[in-house]
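Good morning, and thank you for coming. I would ask you to look at the sequence and the structure together while I speak.

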Amino acid sequence: MKKVLIFGVAGFVGGYLVKEFAKAGGYHIYGSDMVESFAQEELSAYYPCDILDGPACEALIESIQPDYIINLAALSSVRMSWDLPEKTIEINVLGAMHIMDGAVKLEKKPVLLMVGSSEEYEISDKALREESPLSANNPYGISKATLEQMAEIYRMKYKITIYFTRSFNHTGVGQKPVFVVPSFAKQVAEIEKSQGPGVMKVGNLSAMRDISDVRDVVCAYRMILESGSKEKVFNVGSGKASKIQEILEILIGFSSYEIKVEQDPDKMRPSDNPFICADNTLLKKETGWSPKYSIEDTVKALFDYYVEE
Ligand code: GDD
């Protein structure tokens, strides 16, 4: 049995990743996060640990001796990163470095997967390839681009395998409504439950994003780790971009009541990339991955979740 250690296991993606490894089989799955306790039946054990506490991170990695480490712990909202730029850099760069520091100290070095973002890329109207130029235009994107450069330093200095994803948007039940799809789904569901017409608040509807189901994304993470690929940086995205306006229309279509849409200045950003779409050729070629879930089904699942909540 291999041992996989997941930092940030209590977050939105964590639970799905645990299920992904359990379904694949052959793993002892260990999880860590900041909360005192966290339970999921597929987890072999849970260990509370703040990734900003370097010695604690190193001690945890030393005690588990994992074969694989995945870091999902991050400040992941682009919108929030504008208000909390220092915290974003601290958690996303320094916290992740503590994990890499722990990994390089093991005699049998684990294989790591660090999660980056499509927000690292320079604005483009074409599908982004791994070779496309990077030039982040928000604190979150800058934090992930910095981490990516740091990971290269660790690879060079310690001869350790660190896979780095540039993950495109992903959603699913459990994602916080600070992100666009759960925000819209929750508002439409609340109007539906109120049994009358309602108003919803939105941000920039003209942006286009490549939005995957989180289950496809965690599958890609596992397949990258297991691939043994010599490539190090992978786009993780569906390869199809949808206009945010279209996502809104799908959701409004689920409602039986009239919905008025208002733009909320607080949901707008100082800058917002107009178009982000993945070229996922490399991921498919190196791992055999392909997406299984459609965005329409994922959006519907979120709506149903909030209606029943
Ligand atoms: N959050 C939010 N709320 N976004 C809105 C809204 C709204 O009411 N209305 C429109 N948008 C637009 C945003 O301006 C953006 O263009 C798009 O919807 C997606 O916003 P988010 O869901 O907040 O995600 P993001 O694209 O900023 O960041 C996500 O994707 C990245 C990969 O591209 C996050 O998951 C990041 O962690 C991830 O790296």
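I shall speak about strands, then a helix and a core, and finally charged pairs. Please keep in mind that this is a predicted model.

Let us begin with strand S4, which covers residues 68-71. Which way do its side chains point? Tyr-68 and Ile-70 point one way, Ile-69 and Asn-71 point the other way, and all of them are buried.

Strand S4 has partners. Strand S1, residues 2-7, runs parallel to S4 and is joined to S4 by four bridges. Within that pairing, Phe-7 stands opposite Asn-71. Strand S5, residues 111-117, also pairs with S4 in the parallel sense, over four bridges. There, Ile-70 is found opposite Leu-113. As a general point, strands of a sheet pair through backbone hydrogen bonds, either parallel or antiparallel.

For an antiparallel example, please turn to another part of the chain. Three strands, in the order S12-S9-S14, form an open sheet with mixed pairing. Strands S12 (242-243) and S14 (275-276) are the edge strands, each pairing on one side only. S9, residues 208-209, and S12 run antiparallel and are joined by two bridges. Arg-209 has Ser-242 in S12 as its bridge partner.

Now to helix H1, residues 12-24. Its buried residues include Phe-12, Val-13, Leu-17, Glu-20 and Phe-21. What do the buried residues of H1 pack against? They pack against strands S1, S2, S4 and S7, and against helix H7. Just after H1, Gly-25 adopts a positive phi of about 80°.

The helix leads us to the largest nonpolar core, which has 32 residues. Ile-6, Leu-17, Phe-21, Ile-29, Leu-72, Leu-113 and Tyr-221 touch the most other members. Among the elements that each supply at least two residues of this core are S1, H1, S4 and S5. The largest share, nine residues, comes from H7. Take Phe-21 as an example: leaving aside its neighbours within four places in sequence, Phe-21 is in contact with Val-4, Tyr-27, Ile-29, Ile-70, Arg-222 and Leu-225. Apart from this core lies another, of 31 residues, among them Cys-49, Ala-73, Val-93 and Val-104.

I come lastly to charge. Side chains of opposite charge can pair when their charged atoms come close. How many salt bridges does the structure hold? There are 22.

The pair of Glu-20 and Arg-222 is one of them, with the closest N and O atoms 2.5 Å apart. This pair links distant parts of the chain, since Glu-20 lies in H1 and Arg-222 in H7, 202 residues apart. Is Glu-20 buried or exposed? Glu-20 counts as buried because its relative accessible area is 5%, under the 20% limit. Arg-222, at 14% relative accessibility, is buried as well. Both residues belong to a network of salt bridges with Lys-23 and Glu-226.

Set beside this the salt bridge between Glu-131 and Arg-129, where the closest N and O atoms are 3.0 Å apart. Glu-131 is exposed, at 57% relative accessible area, and Arg-129 is partly exposed, at 41%.

My last pair is Lys-300 and Asp-304, whose closest N and O atoms are 2.9 Å apart. These two are four residues apart in helix H10, so about one helical turn separates them. Lys-300 is partly exposed at 33% relative accessibility, and Asp-304 is partly exposed at 26%.

Technical notes: Residues numbered from 1 in each chain as written. Predicted model: local features only at pLDDT ≥ 70, side-chain atom pairs only at ≥ 80, totals over all residues. Heavy atoms only, no water. Buried < 20%, exposed > 50% of the residue type's maximum accessible area, 1.4 Å probe, protein only. Pairing = 2+ DSSP bridges. Contact = heavy atoms within 4.5 Å. Core = buried A, V, L, I, M, F, W, Y, C linked by side-chain atoms within 4.5 Å. Salt bridge = Lys/Arg side-chain N within 4 Å of Asp/Glu carboxyl O.
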